[in-house]
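I wanted two things from this entry: how a pair of chains meet, and where one threonine sits. My notes follow in the order I looked things up.

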Amino acid sequence: MKIDKTYEGSFHIVGGDFSRAGEASTELKTIMLSVGIEDEVVRRVAIATFEAEMNIIIYTPAGILRYSISPGEIRIIAEDMGPGIEDIELAMQKGYSTAPDWVREMGWGAGMGLPNMKKNAG
Amino acid sequence: MRLKEIVITNSRDSEAEIEWACATDLMSDVLYYSRGNSVLITGLAKQQAIRTSDIADIKVVVFTRGKEPDRQTIELSQKKKITLLITPYSMFTACGKLYEEGLRCCPE
Amino acid sequence: MKLKEIAEILSLKPLTPAEGPDLEREVSGAYVGDLLSDVMANSEDGNIWITLQTHVNIVAVATLKNLSAIVIVNGRMPESDTLDRAVSEDIPILLTGKSAFETAGKLYRILNARNLQG
């Protein structure tokens with residue numbers, strides 16, 4: 001990573017708002033590219049962030065995504081209003097999901113969110 | 001492989017380079033299994049498919065069964081410079097024809 | 001074409017027990033999809049259904065549409081209630097570690113050779 005300062009910011013995410021789902025992650029992707037982060041790292045961070053954003057939209061009333069891009073590290077923190085994950089071990093399994101049918105019909109909730117975050121995060 | 005060699009419906013011409021294929025309606029699977037220069041074949045003819053493709057660096061998306069996307073979906077694909085194609089074929093037939101042409105799924 | 005032959009050619013692993021749904025049934029063609037409403041609307045009688053959904057509702061869709069079998073791709077395992085329901089509804093569930101694209105690609109070739117439509 002060839003950046004020499006830290007870039008920080010945050011996005012507010014509203015639960016249930018599918019029409020804007022992915023906007024925050026898309027914007028973060030643009031920011032990362034503009035400050036010169038390499039493509040493969042951008043892709044990984046964007047994917048992990050997108051999954052976190054979708055989790056907030058699908059399961060919680062609202063949340064916030066914070067990012068900090070600094071030399072040597074990109075940190076993404078997703079905070080939301082809950083309800084939280086009952087069994088984290090189960091949720092980490094590929095294919096496990098508690099999503100309702102309408103979410104599945106939107107192309108989400110197939111139980112790959114957390115595995116995806118794990119795969120792409122450091 | 002050049003897109004125009006594998007185009008399965010009438011569409012605008014494209015020089016996009018395609019190496020792999022990913023066929024799914026579930027967006028997390030696109031994010032998990034796809035590689036950058038893949039074509040996404042999906043029945044989810046919605047904005048979400050374009051957003052997901054943009055995040056995953058996918059440049060070509062094929063909507064199956066002749067599903068016409070809404071205006072917002074088309075606009076988003078233009079804004080993100082993603083080539084959007086519509087095929088009259090089902091996902092099964094689209095996969096079958098592309099597989100015949102030698103296209104393969106993204107290696108994990 | 002019999003489900004059993006397809007399972008052998010594609011190395012699909014039957015997950016439902018041998019004394020459960022049999023693999024001698026005829027396959028009319030295939031359908032690929034992960035949106036249940038789409039499969040409900042567009043799959044056809046006797047189709048083999050390729051999906052990565054593992055939720056119990058896939059069995060209900062297969063039953064209602066009289067599908068010949070469900071093939072779950074990408075090495076995904078169905079939940080236990082899905083399997084129980086599949087046995088009681090007489091719907092074979094088969095697994096493959098391959099993707100939907102590859103499974104469909106190979107099956108398309110096989111069915112085409114037998115003049116069966118997708």
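I began with one pair across the interface: A:Lys29 makes a salt bridge with B:Asp57, with 2.5 Å between the closest N and O atoms. The model is predicted, and I read the distance with that in mind.

I then asked which helices of chain A supply at least two residues each to the side that touches chain B. They are α1 (23-34), α2 (39-59), α4 (101-105) and α5 (113-120). Of these, α2(A) gives the largest share, six residues. Sorting that side of chain A by class, I noted eleven nonpolar, seven polar and eight charged residues.

Next I looked up the totals for the interface. Chain A puts 26 residues into the contact and chain B 23 residues. About 2,100 Å² is buried between chain A and chain B, and carbon and sulfur atoms account for 52% of that area. The rule finds two salt bridges across this interface, the A:Lys29 and B:Asp57 pair being one of the salt bridges. I also recorded 13 residue pairs in polar contact between chain A and chain B, both residues at pLDDT 80 or more.

Last, I turned to chain C. Is C:Thr96 buried or exposed? C:Thr96 counts as buried because its relative accessibility is 7%, under the 20% cut-off. C:Thr96 lies in the loop between β5 (93-95) and α5 (100-113) of chain C. Setting aside neighbours within four places in sequence, I listed its contacts as C:Leu12, C:Val71, C:Ile72, C:Val73, C:Asn74, C:Gly75 and C:Thr103.

Terms used
Residues numbered from 1 in each chain as written. Chains lettered and ligands numbered in written order. Predicted model: local features only at pLDDT ≥ 70, side-chain atom pairs only at ≥ 80, totals over all residues. Heavy atoms only, no water. Contact = heavy atoms within 4.5 Å. Buried area = accessible area lost by both parts, 1.4 Å probe. Salt bridge = Lys/Arg side-chain N within 4 Å of Asp/Glu carboxyl O. Polar contact = N/O pair within 3.5 Å; in protein donor to acceptor, adjacent residues only side chain to side chain. Helix = DSSP H or I, 4+ residues; strand = E, 2+ residues; numbered from the N terminus. Nonpolar A, V, L, I, M, F, W, Y, C, P; charged D, E, K, R; others polar. Buried < 20%, exposed > 50% of the residue type's maximum accessible area, 1.4 Å probe, protein only.
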